[in-house]
Amino acid sequence: MTTARPSPLVSRVLVTWLELTVVGLAGAFLGTTVGGLGAFVVYLATTLVSVGVLLYNVDALVTTRLADGGRDAATTTRADAADSEAIGEESVDEL
């Protein structure tokens, strides 16, 4: 019998939100300080870093999901296991 790990979704969403907030505030502060054409460059850099933060965190979630065999261990139910056995699939624990 294995214990189910909690889903990393909630913690990853909070980390992503925090990272985006920090990047946005730093970009806003730096853009306001620089002003003019420099502010526009800071705006573009902030946008680029924000997209990088989102892609990194989505990649971390997908990697975790694939490592779990494509299923979220916290939401796997007995009905899912029964369905798998009914169609002849081996359970992840048997592998």
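The exercises below work through a predicted model of a single chain, each with a solution in steps.

**Exercise 1. Confidence and overall make-up**

Establish how the confidence is distributed over the chain, and which secondary structure elements the chain contains.

*Solution.* Begin with the chain as a whole, which averages a pLDDT of 79, with 65% of the residues scoring at least 70. Next, take the elements separately: confidence is highest in helix 2 (residues 36–67), at a mean of 93, and lowest in helix 3 (residues 78–86), at 56. Where pLDDT is low, the predicted coordinates should not be read in detail. Finally, list the elements themselves: the chain has 3 helices and 0 strands, and the order from the N terminus on is α-α-α.

**Exercise 2. Burial, surface and contacts of the chain**

Describe what share of the chain is buried, what its accessible surface consists of, and how its contacts are spread along the sequence.

*Solution.* First, of the 95 residues in the chain, 13% are buried. Second, the accessible surface comes to about 7,400 Å², and carbon and sulfur atoms account for 69% of that surface. Third, consider contacts between residues at least 6 apart in sequence: 69% of them join residues that are at least 24 apart.

**Exercise 3. Checking the lengths of two helices**

Test whether the end-to-end distances of helix 1 and helix 2 agree or disagree with the spans expected at 1.5 Å a residue.

*Solution.* Helix 1 covers residues 9–34, and its 26 residues should span 38 Å. Because its end C-alpha atoms lie 37 Å apart, the distance agrees with the expected span. For helix 2, with 32 residues, the expected span is 46 Å, and since its end C-alpha atoms are 47 Å apart, this helix agrees as well. To complete the description, look at what follows each helix: helix 1 is followed by G35, which has a positive phi near 70 degrees, while helix 2 is followed by G69, whose phi is also positive, near 80 degrees.

**Exercise 4. The packing of helix 1 and helix 2**

Identify the buried residues of helix 1 and helix 2, and trace which residues T16, V23 and T46 touch beyond their neighbours within four places in sequence.

*Solution.* Start with the buried positions, which in helix 1 are T16, V23, G27 and G31, and in helix 2 are V42, T46, S50, V53, N57 and A60. The buried residues of helix 1 pack against helix 2, and helix 1 is in turn part of what covers the buried residues of helix 2.

Now take individual residues. T16, in helix 1, counts as buried because its relative accessibility is 11%, under the 20% limit; setting sequence neighbours up to four places away aside, T16 touches V53, L54 and N57.

V23 also belongs to helix 1, and its relative accessible area of 17% is the reason it is classed as buried. Its contacts, again without neighbours within four places, are T46, V49, S50 and V53. A distance can be added here: the C-alpha atoms of V23 and T47 are 9.0 Å apart, although 24 residues separate the two along the chain.

T46 gives the view from helix 2. With a relative accessible area of 16%, T46 is buried, and beyond its neighbours within four places in sequence T46 is in contact with V23, G24 and G27.

**Exercise 5. An aromatic pair and a side-chain contact**

Characterise the aromatic pair of the structure, and then determine which backbone oxygen the side chain of T33 reaches.

*Solution.* The structure holds 1 aromatic pair. F40 and Y43 form this pair, with their ring centres 6.4 Å apart and 25 degrees between the planes; planes under 30 degrees apart count as stacked, so the pair is a stacked one. Both residues lie in helix 2, where they are 3 residues apart, about one turn of the helix. Their exposure is assigned separately: F40 is partly exposed because its relative accessibility is 47%, whereas Y43, at 52%, counts as exposed, the limit being over 50%.

Turning to T33, this residue lies in helix 1 and is exposed, with a relative accessible area of 55%. The T33 side chain reaches the backbone oxygen of F29 at 2.7 Å.

Definitions and conventions
Residues are numbered from 1 along each chain as its sequence is written. Side-chain values use heavy atoms; hydrogens and water are left out. pLDDT is the predictor's confidence in each residue, from 0 to 100. Helices (H or I, at least four residues) and strands (E, at least two) are DSSP runs, numbered from the N terminus. Buried means under 20% relative accessible area, exposed over 50%, partly exposed in between (1.4 Å probe, protein chains only). Contact means heavy atoms within 4.5 Å. Accessible areas come from the Shrake-Rupley method with a 1.4 Å probe; for residues, only the protein chains shown count as cover. Rings of Phe, Tyr and Trp (its six-membered ring) pair if their centres lie within 6.5 Å; planes under 30 degrees apart count as stacked, over 60 as edge-to-face and the rest as tilted. The expected span of a helix is 1.5 Å times one less than its number of residues. A polar contact is a pair of N or O atoms within 3.5 Å; within protein, one must be able to donate a hydrogen and the other to accept it, and residues adjacent in sequence count only if both atoms are side-chain atoms.
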